[in-house]
Amino acid sequence: MRQSQIVRKTAETDVRVSLCLDGGGRADIQTGVGFLDHMLTLFAVHGGFDLAVHCTGDTDTDDHHSVEDIGICLGQAFSQALGDKRGIMRYGDLTLPMDEALILCAVDLSGRPYLRYSAQIPAQKVGTFDTELVKEFFMAFTTHAAMALHIRQLDGENSHHIIEGMFKAAGRALRTAVRLDPDRPGMVPSSKGVL
């Protein structure tokens, strides 16, 4: 089982993440940020990951520190669980419809962090959640997972639908990328021999 546990404690947050890449999509998410709880649950379910995220943060200030630090920890959890990445598919992509929203997501578990994020989210808030934090989350996640992630909004008017589409698409694209390749067991999917 490809698993990991990450703990990050700072003056602003206390984050604990456990991840199993070969799970059944079970989620135990308690971040103190309700909308993020919903999004991470969708990410786990659609990715087929068993994911637990518990965070105590300075949400009386705002949600920024919690969202960013959870992204950091989730990225580290993926990096740790993947190890040397032998036998993985490496790439995954999906174009996902969420009602009127249409989201393209592509991932390369390359070892090189890069985020390409192109979205026009109409509302500044969904509930109490600042929508600008979506990019902050994916930036932290991508950097610490050391992967290239492209997220592009192709259509959409409803802010909730657009963001939900992003998390579902990211989960499903990663589900493909982390899958073990039955045709090349134990092989590093790179001509360099290392990722």
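What pattern does the chain follow when it is read along the sequence? Going from start to end, it is β-β-β-α-β-α-β-β-β-β-β-α-β-α. Hi everyone, thanks for coming. Please keep in mind that what you have in front of you is a predicted model.

Let me start with the whole chain. Counting elements, there are four helices and 10 strands. Along the principal axes, the C-alpha atoms fill a box of roughly 45 × 40 × 30 Å. How does the radius of gyration fit with a compact globule? For 195 residues, such a globule would come out near 16 Å, and the chain has 16 Å, so the two agree.

Now to the sheets. One of them is an open sheet of four strands, and if you walk across it you meet E1, E2, E4 and E3 in that order. The pairing in this sheet is mixed. Strand E1, residues 3-9, and strand E3, residues 27-30, are the edge strands, each pairing on one side only. From one strand to the next, the twist averages 5 degrees.

If you want to find your way around inside that sheet, look at E2, residues 13-20, and E4, residues 50-57. These two strands run antiparallel and are joined by eight bridges. A handy landmark is Cys20, whose bridge partner in E4 is Asp50. Then there is the helix on this sheet: H1 lies across E3 and E4, and it runs at about 160 degrees to E3.

Let's move on to another open sheet. Here four strands come in the order E5-E6-E10-E7, again with mixed pairing. Why is one side of E5 and of E7 left without a neighbour in the sheet? Strand E5, residues 91-98, and E7 stand at the edges with a single partner strand each, so each has one side with no neighbour in the sheet. The twist in this sheet averages 10 degrees from one strand to the next.

E10 is a good strand to follow here. With E6, residues 101-108, strand E10, residues 148-155, pairs in the antiparallel sense over seven bridges. Asp108 has Ala148 as its bridge partner in E10. With E7, residues 114-118, E10 runs parallel, and five bridges join the two. Two residue pairs to click on there: Ser118 has Arg152 as its partner in E10, and Leu115 has Leu149.

Two helices pack on this sheet as well. H3 touches E7 and E10, and its direction makes about 160 degrees with that of E7. Helix H4, residues 159-178, touches E5, E6, E7 and E10, and makes about 150 degrees with the direction of E5.

Last topic: empty space. Rolling a probe the size of a water molecule over the atoms shows where space is left. How many cavities of 30 Å³ or more does a search of the whole structure find? The search finds one, and its volume is about 40 Å³. Which residues line this cavity? They are Phe35, Leu36, Met39, Val67, Phe129, Leu133, Val134, Phe137 and Phe167. The elements giving two or more residues to that lining are helix H1, residues 34-47, and helix H3, residues 133-145. By class, the lining has nine nonpolar residues, no polar ones and no charged ones.

So, to recap for the bench: H1 lies across E3 and E4, H3 touches E7 and E10, and both H1 and H3 give residues to the lining of the cavity. Thanks for listening, and I'm happy to go round the model with anyone afterwards.

Definitions and conventions: Residues are numbered from 1 along each chain as its sequence is written. This is a predicted model: local features need pLDDT of at least 70, side-chain atom pairs count only at pLDDT 80 or more; totals for chains, interfaces and linings use all residues. Side-chain values use heavy atoms; hydrogens and water are left out. On a 1 Å grid over the protein atoms alone, a cavity is a set of points where a 1.4 Å probe fits but cannot get out, and a pocket is an open set with protein on both sides within 12 Å along at least five of seven lines; lining residues have an atom within 4 Å of a point. Grid points are joined across faces, edges and corners, and a volume is the space filled by probe spheres set on the points. Ala, Val, Leu, Ile, Met, Phe, Trp, Tyr, Cys and Pro count as nonpolar, Asp, Glu, Lys and Arg as charged, and the others, Gly among them, as polar. Two strands pair if DSSP finds at least two bridges between them. Axes are lines fitted to C-alpha atoms, for helices over the stretch in contact, and angles run from 0 to 180 degrees between N-to-C directions. Contact means heavy atoms within 4.5 Å. The radius of gyration is taken over C-alpha atoms; the globule rule is 2.2 Å times the number of residues to the power 0.38.
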